[in-house]
Each structure stands twice: as structure tokens, then as C-alpha cells.
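Here are my notes on the model, as numbered points. Please read them with the structure open.

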Amino acid sequence: MRILVTGGSGFLGTALNSFLTSGGHNVASLGSRDCDLTVPGNLAKVVAGSFDLIFHLAAWTQAGDFCLRHPGEQWLINQKINTNVLDYWASEQPAAKLVFMGTSCAYAPGSDLRESDFMLGEPIDSLYTYAMTKRMLYQGARALNLQYGLKYLCAVPSTLYGPGYHTDGRQMHFIFDLIRKIIRGHEFGEEVVLWGDGYQKREVVYVDDFVRILWSLCETRENDIFNIGAGEEFTIREFAEQICSVVGYDPAKVHYDTSRYVGASSKCLNVEKVRTAVPYELTPLSVGLRDTINWFYDANAYGASDGIEGRSPSGLD
Ligand SMILES: NC(=O)c1ccc[n+]([C@@H]2O[C@H](COP(=O)([O-])OP(=O)(O)OC[C@H]3O[C@@H](n4cnc5c(N)ncnc54)[C@H](OP(=O)(O)O)[C@@H]3O)[C@@H](O)[C@H]2O)c1
């Protein structure tokens with residue numbers, strides 16, 4: 001198949017590209033340096049020919065408290081990116097299936113995080129704008145499907161983890177932040193301070209598992225929305241203990257700072273729909289964490305002992 005990937009330089013995009021190219025597909029993968037998607041018409045200038053599939057992964061966001069501090073920019077940038085991609089799809093690639101990412105934070109607090117709830121109620125305050133841009137993207141695809149019969153698939157991931165995450169100092173998703181802080185505690189003797197009381201619950205999905213499940217859905221489903229998650233969550237303390245045991249750090253030395261931003265207290269996606277559509281086994285957490293920690297050491301993703309710590313004050317999203 002001929003496949004276009006936006007956000008191809010990102011964490012998920014990199015894993016997806018490997019999967020697609022190893023499957024023999026012809027992949028055009030774009031990062032922001034290849035094509036700034038905020039500029040109308042750029043996609044049609046940069047890529048030629050027709051595609052069978054478009055994976056739209058590009059988004060301007062980071063984990064931690066980034067969304068809390070950049071709501072205006074997030075609205076403008078992500079709305080431009082998404083509108084330009086939808087426009088390109090409708091005008092240049094109407095035969096392609098558009099596959100794009102939602103977010104679990106689009107679900108309103110108190111919902112049971114089923115796909116039918118994705119557009120209902122109001123998202124949590126701290127992630128409201130980012131969540132609404134994802135809802136608008138979903139509605140844009142549904143509108144183009146309604147009017148022109150274009151085919152789409154929306155995937156809502158829980159937090160992804162695995163080797164190959166970014167190492168450039170951007171805020172990290174909670175699981176990488178935990179690993180980085182615990183390794184730094186072990187390697188440099190830094191105090192390990194995690195945000196919140198440690199009883200917030202989260203689920204994670206190994207990035208290669210996510211890609212495999214996404215591909216199975218692409219092959220069989222269209223004009224629908226699917227959560228892709230583990231269906232099981234752990235407290236931050238449980239994640240920290242597992243990481244400490246791999247790294248060799250005493251979990252009793254981990255401090256919890258209850259004054260810091262922690263996001264939702266729990267957000268476990270309902271995965272009944274995807275498990276019925278494409279039954280799957282996930283990489284066990286212990287194996288996924290070990291691989292991710294090994295990658296941290298191999299890539300020196302935990303930084304130098306020079307105060308790099310201060311540049312990435314990650315929270316728990
Ligand atoms: N990672 C998760 O746990 C998670 C969970 C839920 C949903 N998602 C969604 O999954 C998708 C991929 O996530 P990710 O973790 O791979 O994100 P990421 O690592 O931050 O990658 C984001 C990608 O978007 C590109 N991008 C940003 N601004 C752009 C612009 N103006 N023009 C063109 N490209 C632009 C980036 O390009 P450059 O790097 O080249 O600038 C990068 O390739 C996103 O839509 C995200 O919302 C991710």
C-alpha cells in the first residue's frame with residue numbers, strides 16, 4: 001500500500017513507520033521540518049501521487065502541565081494542522097482512509113470512557129482545549145464522511161510507552177518521567193520527587209502493541225472510533241515500585257509532592273469494543289518497562305549529571 005504518515009518523526013510515528021516499512025509498504029513520512037501543516041496547501045506541495053491510507057498523527061502538544069500553560073497556542077496550531085489535513089484529504093485524497101488519533105482526556109470526568117461518550121460532557125479543565133481540538137478533528141472527519149462518503153478511523157490511545165521516546169528536554173509522559181527520575185536518583189543521587197500522592201491511577205500500552213492493534217483495525221474497520229488501551233490501570237506508586245526494582249533503587253526513598261499538578265485521578269479506557277473487534281494480547285508491563293528502561297540507558301535518555309533535571313518538570317499525564 002502507499003501510505004502517508006503525518007507526525008512521522010514523533011514517538012508513535014517512528015514506531016508506526018518501522019512497522020509499515022517492515023511490512024513492505026511504501027511510506028511517505030513527514031515531520032514538521034518536512035512539511036509545516038499549519039500552512040494551508042503545504043501538504044499538496046510536499047507529497048505527490050495518491051495514497052491508500054493516511055495516518056494523521058501530527059499534533060502540537062506535550063505531557064505534564066504543557067496544555068495548562070499553552071491553551072491558546074494549542075487551539076490555533078492544532079486547529080490549523082487538523083483543518084489543513086482534512087482539507088487535503090477531501091480535496092486531494094478522497095479515496096484514502098484517514099486514520100487519526102483522539103485522546104483519552106476528551107472523555108468527561110465521570111464518564112465510563114466508552115467510545116459513545118467521546119463527544120459528551122466537558123473534558124477536565126486543565127486539558128480542555130487540547131481535548132476539544134481532538135473532538136473537532138473527529139467531528140471534521142465525520143462531517144466529510146457524511147457529505148462526501150470519505151472513509152476514516154479514529155483511535156483513542158491510552159498513554160503509550162516503549163523504547164524510542166523523545167530525548168530533547170520536552171515534558172515527558174508520566175511513565176517516562178518516572179523512569180528518568182528513578183534512574184537519575186540511582187545514577188546521580190538526586191532526590192526522586194513524583195507529583196501527587198502516588199495514588200493516581202493510570203494505564204499504559206506498549207507502543208508496538210498499539211501499532212499492531214491499530215493496523216488490525218485499519219484492515220477491517222472504517223467510519224468508527226475505537227479506544228486502544230490495556231483495560232487495566234496501576235497506581236503511580238505501583239509503577240514506581242516496578243521501575244525501582246529494575247533500576248535497583250530503594251522505593252522507600254521516593255518522595256511524593258502533593259502540591260503539584262496531577263491531572264485526573266484515574267482514566268482507564270473502556271476496551272470492550274476494540275477487544276471484540278480485534279482480540280489482542282499485550283506485552284506484560286514488567287517486560288515493557290524493562291525494555292523501556294534498557295532503552296533509557298542505551299540512549300542516555302536520562303540526561304547528564306549537570307542539572308538537566310530542572311528542564312522537564314513532568315506531571316502525571
Ligand atoms: N504518546 C501518547 O501517549 C499519546 C496518547 C494519546 C494520544 N496521542 C496522539 O498520538 C499522536 C502522536 O503522538 P506522539 O506521542 O507520537 O507525539 P509526538 O512525539 O509529540 O509527535 C508529534 C508529531 O507531530 C509533528 N508536528 C507538530 N507540529 C507540527 C506541524 N506544525 N506541522 C507538521 N507536523 C507537526 C511533530 O513533528 P516534529 O517532531 O518534526 O516537530 C511530530 O512528528 C498525537 O496526535 C497525539 O495527540 C499520543
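**Cavities and ligand site**

1. The largest cavity has a volume of about 40 Å³. This is a predicted model. In total, the structure holds 2 cavities of 30 Å³ or more.

2. Which residues line the largest cavity? They are Ala58, Ala59, Asn78, Asn82, Tyr130, Thr133, Lys134 and Leu137. Two elements each give two or more residues to this lining: helix H4 (71-92) and helix H5 (128-148). H5 gives the most, with 4 residues.

3. By class, the lining of the largest cavity splits into 4 nonpolar, 3 polar and 1 charged residues. Lys134 is on the lining list, and Lys counts as charged.

4. The second largest cavity holds about 40 Å³ of space. Its lining consists of Ser104, Ser158, Thr159, Arg202, Glu203 and Lys267. How does this lining divide by class? There are 3 polar and 3 charged residues, and no nonpolar ones.

5. Now the ligand. The space it takes is the largest pocket. The protein covers 87% of the 900 Å² of accessible area that the ligand has on its own.

6. How many residues surround the ligand, and which come nearest? There are 26 residues around it, and Ser9, Leu12, Ser32, Tyr130 and Lys134 come nearest. By class, this shell has 12 nonpolar, 11 polar and 3 charged residues.

7. Helix H1 (11-22), H5 and strand E6 (159-161) each supply at least two residues of the shell around the ligand. H5 therefore deserves a look in both settings: under the stated element numbering, H5 contributes to the ligand shell and also gives 4 residues to the lining of the largest cavity.

8. Check the polar contacts of the ligand one by one. An oxygen atom of the ligand lies 2.5 Å from an N or O atom in the side chain of Tyr130. At Leu57 the partner is a polar backbone atom, 2.8 Å from a ligand oxygen. At Arg170 a side-chain N or O atom is 3.5 Å from an oxygen atom of the ligand.

9. Tyr130 and Lys134 link the two sites. Both are among the residues that come nearest to the ligand, and both line the largest cavity. Tyr130 also has the 2.5 Å side-chain approach to a ligand oxygen.

10. Thr159 is worth a glance too. Strand E6 (159-161) supplies at least two residues of the ligand shell, while Thr159 lines the second largest cavity.

Notes:
Residues are numbered from 1 along each chain as its sequence is written. This is a predicted model: local features need pLDDT of at least 70, side-chain atom pairs count only at pLDDT 80 or more; totals for chains, interfaces and linings use all residues. Side-chain values use heavy atoms; hydrogens and water are left out. On a 1 Å grid over the protein atoms alone, a cavity is a set of points where a 1.4 Å probe fits but cannot get out, and a pocket is an open set with protein on both sides within 12 Å along at least five of seven lines; lining residues have an atom within 4 Å of a point. Grid points are joined across faces, edges and corners, and a volume is the space filled by probe spheres set on the points. A residue is near a molecule or strand if one of its heavy atoms lies within 4 Å of it. A polar contact is a pair of N or O atoms within 3.5 Å; within protein, one must be able to donate a hydrogen and the other to accept it, and residues adjacent in sequence count only if both atoms are side-chain atoms. Accessible areas come from the Shrake-Rupley method with a 1.4 Å probe; for residues, only the protein chains shown count as cover. A molecule sits in a cavity or pocket if more than half of its atoms lie within 2 Å of its grid points.
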